[in-house]
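This report is for a reader who is new to the structure shown below. It covers two helices and the surroundings of a ligand.

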Amino acid sequence: MSRIDPEPPRDCPICPRLVAYRGANRAQHPDWWNGPAPSFGDPAARLLIVGLAPGRTGANRTGRPFTGDFAGVLLYETLLKFGFAAGRYEARPEDGLRLVDCMITNAVRCAPPGNRPETAEEAACRPFLAARIAALPRLKVIVTLGDVARRNVLKALGLKASAGVGGHGARCEAAGYALINSYHCSRLNTNTGRLTPAMFEAVFEAARGLLEQPSGQ
Ligand code: SF4
């Protein structure tokens, strides 16, 4: 069986539309990252957070997931509050922020136009997600940010997307992991009140509670 690296190469050529978008962004902003956003965090993490895809001016610009765009502020502040991060989030990869027992990745590693990956692109990138999950030996809890991330995690685990229910705070057990779904911490969701900081914090409080349970419960 072939082994896939959990991190795609910087010049991953698999999705033509995303490669073209990467090239266009590179031509306009040669100082940006403009490549697949690498996962960020603790290789011994028990908590994995899975987002949808890098934002054009977020991870696609800075090279660190959720760094530099609106969604990162609520995410990193919440992780700091629940002890899954240490330091200070200053929206730049050199801010010294560390993730503690936690890793962040994306279901699709390259920025898609309009923040909308196509189904074929999700499928093409899924082996990297599966490899990322498999490469975390202590992993217990996966928080998915939004329904696309949730469905991709289920499929990456070899399950049907229908194996778990959607919605904010929905939980299920999948291939030995506890899955918790959250609405995405996007500007749209937070500005419209669909996702409040309290709702988002409740997800990470639940994750913390699961991690503190003695194993076997
Ligand atoms: S989205 Fe994933 S599979 Fe597609 S080009 Fe980027 S890294 Fe490769």
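Which helices and strands do the buried residues of H4 pack against? The model is predicted, and in it the buried residues of H4 pack against two helices, H1 (16–28) and H5 (147–156), and against the strands S2 (47–51), S5 (102–106), S6 (141–145) and S8 (177–182). The buried residues of H4 are Glu-121, Glu-122, Cys-125, Arg-126, Phe-128, Leu-129, Ala-131, Arg-132 and Ile-133.

H4 has a bend of about 40 degrees at Arg-126. A proline, Pro-127, follows within four residues. The end-to-end span of H4 still agrees with expectation, because 16 residues at 1.5 Å a residue should span 22 Å and the end C-alpha atoms are 22 Å apart. The table sets out the spans of H4 and H3.

| Helix | Residues | Number of residues | Expected span | Span in the model |
|---|---|---|---|---|
| H4 | 119–134 | 16 residues | 22 Å | 22 Å |
| H3 | 70–81 | 12 residues | 16 Å | 18 Å |

For H3, the reach from first to last C-alpha is close to the expected value. Its buried residues are Ala-71, Gly-72, Leu-74, Leu-75, Tyr-76, Thr-78 and Leu-79. Just after H3, Gly-83 takes a positive phi of about 75 degrees.

The ligand takes up the space of the largest cavity. H1 and H4 are the elements that give two or more residues to the shell around the ligand, and H4 gives the most, with 3 residues. The ligand has 13 residues around it, of which Cys-12, Cys-15, Leu-18, Cys-110 and Cys-125 come nearest. Cys-125 is also one of the buried residues of H4.

Terms used. Residues are numbered from 1 along each chain as its sequence is written. This is a predicted model: local features need pLDDT of at least 70, side-chain atom pairs count only at pLDDT 80 or more; totals for chains, interfaces and linings use all residues. Side-chain values use heavy atoms; hydrogens and water are left out. The expected span of a helix is 1.5 Å times one less than its number of residues. The bend at a residue is the angle between axes fitted to the seven residues ending there and the seven starting there. Buried means under 20% relative accessible area, exposed over 50%, partly exposed in between (1.4 Å probe, protein chains only). Contact means heavy atoms within 4.5 Å. A residue is near a molecule or strand if one of its heavy atoms lies within 4 Å of it. On a 1 Å grid over the protein atoms alone, a cavity is a set of points where a 1.4 Å probe fits but cannot get out, and a pocket is an open set with protein on both sides within 12 Å along at least five of seven lines; lining residues have an atom within 4 Å of a point. A molecule sits in a cavity or pocket if more than half of its atoms lie within 2 Å of its grid points.
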